[in-house]
Amino acid sequence: MAEMVLEVSDLTVRREGGTAVEGVSFALAAESDTALVGPNGAGKSTLVQAILGILPHQGGGVRLLGRPLGPRGQLPPSVRAQLAYLPQTFAVRNRCPLSVAEFVGLGWDPPGLQLPWRGSERRRRAVEKALAKTGCTDLADRLVSELSGGQTKRVLLAFCVVRPRRLLVLDEAQAGLDSQAAEQFYGLLFDLRRSEGWTILQVSHDLEMVRRTCDGVLCLNRSLRCWGPPDHALSSAQLERVYGRGYVPYHHHHGGHPSR
């Protein structure tokens, strides 16, 4: 039986007096790539943030790598270190003097790391390797605040790959990217998923990309409306259940991105 990296059971999250996510249950097998789709306001970002313990949940439970998420988002440091989260937006203040290499190094630092370790040879080699894997070596000395949108996304992946991770959660990672930059990002993500053995949960509005690259799809509109392989979950009948009658998907224009 396949190992379950993430297990969500009857999860309910309330925000501002209303129920944002209600009774959601699913599980993700190791090294799978699953998309979370649904209309604006469906609770997608709320769900992923509750799974990671960023937001509290009021019902149900979450298990990450076999360990239960505590009521205030507590996880053992050994488990937390194996998770990575790419938010929809990421911004650094213009005056922040943080270089790309320094930022990626923060992804290597385990919880409770003592400052003398920050100059270690092991850390330096890990940063160099992560930058090389993501095509960011030439950006090492650049300030993070000076990067373009596409460069920032690659640097965020370098942050994730600098130490071994098991679960990568992305919240609309393609937001703010033009079609070419999105293609490059997804191509890199596809390659890293295979080489690093990541399990991926990604919020996406790009149903065409989801259909071509993901193993499974979760269709959410406050509750989980359907869950299955793309051919089933993204059928016209299922999309109408999730998005409403008369829904017409927007077709993005993509190049030769590898299929799953």
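Start by selecting β9 (residues 216-221) and β10: these two strands pair in the antiparallel sense over five bridges. Helices (H or I, at least four residues) and strands (E, at least two) are DSSP runs, numbered from the N terminus, and two strands count as paired if DSSP finds at least two bridges between them. For a single pair to label, take Val217, whose bridge partner in β10 is Gly228.

A word on what you have loaded: this is a predicted model, where local features need pLDDT of at least 70, side-chain atom pairs count only at pLDDT 80 or more, and totals for chains, interfaces and linings use all residues. Residues are numbered from 1 along each chain as its sequence is written, and side-chain values use heavy atoms, with hydrogens and water left out.

**The six-stranded sheet**

Now widen the selection to the whole sheet around β9 and β10. Six strands sit in the order β6-β7-β8-β3-β9-β10, forming an open sheet with mixed pairing. At the edges you'll find β6 (83-86) and β10 (223-228), each pairing on one side only. Neighbouring strands here are turned by 15° against each other on average, direction ignored. For this and the angles below, axes are lines fitted to C-alpha atoms, for helices over the stretch in contact, and angles run from 0 to 180 degrees between N-to-C directions.

Add α6 (179-196) next. Helix α6 packs on the sheet and touches β3, β6, β7 and β8 (199-203), with its direction making about 155° with that of β8. Contact here means heavy atoms within 4.5 Å. Then pick up α9 (residues 236-243), which lies across β3, β9 and β10 and runs at about 165° to β10.

**Two odd loop residues**

Most residues other than glycine have a negative phi. Here are two glutamates that don't follow that habit.

Select Glu172, in the loop between β7 (167-171) and α6. Phi of Glu172 is near 50°, a positive value in a residue other than glycine. Is Glu172 buried or exposed? At 14% relative accessibility, Glu172 counts as buried; the cut-offs are under 20% relative accessible area for buried, over 50% for exposed, and partly exposed in between (1.4 Å probe, protein chains only).

Then jump to Glu31, in the loop between β2 and β3 (33-37). Its phi is also positive, near 70°, but at 49% relative accessibility Glu31 counts as partly exposed.

**The four-stranded sheet**

From Glu31, step back to β2. Four strands form an open sheet in the order β2-β1-β4-β5, with antiparallel pairing. The edge strands are β2 (18-29) and β5 (67-68), each pairing on one side only.

Colour β1 and β2: eight bridges join these antiparallel strands. Arg15 stands opposite Gly18 in β2. Look at the turn of this hairpin, which has two residues between the strands; there, Glu16 takes a positive phi near 50°.

On the other side of the sheet order, select β4 (residues 59-64) and β5, which pair in the antiparallel sense over two bridges. The residue to label is Arg63, with Pro68 as its bridge partner in β5.

Now show α1 (residues 44-51), which lies across β1 (4-15), β2 and β4, running at about 120° to β1. How many of the eight residues of α1 are buried? Seven of them, so to speak the helix is mostly covered. Among those buried are Lys44, Gln49 and Ile51. Just after α1, Gly53 takes a positive phi of about 85°.

**A buried alanine**

Next stop is Ala158, in helix α5 (residues 149-161). With 0% relative accessibility, Ala158 counts as buried. What does Ala158 touch, not counting residues up to four places away in sequence? Select Val104, Ala130, Leu131 and Thr134 to see. For a sense of scale, draw a distance from Ala158 to Ala20: their C-alpha atoms, 138 residues apart along the chain, are separated by 32 Å.

**Zoom out**

Finally, show everything. The protein chain holds nine helices and ten strands. Its radius of gyration (taken over C-alpha atoms) is 19 Å, close to the 18 Å that the globule rule (2.2 Å times the number of residues to the power 0.38) gives for 260 residues, so the chain is as compact as a globular protein of that length. Along the principal axes, the C-alpha atoms fill a box of roughly 55 × 45 × 40 Å. Buried residues make up 48% of the 260 residues.
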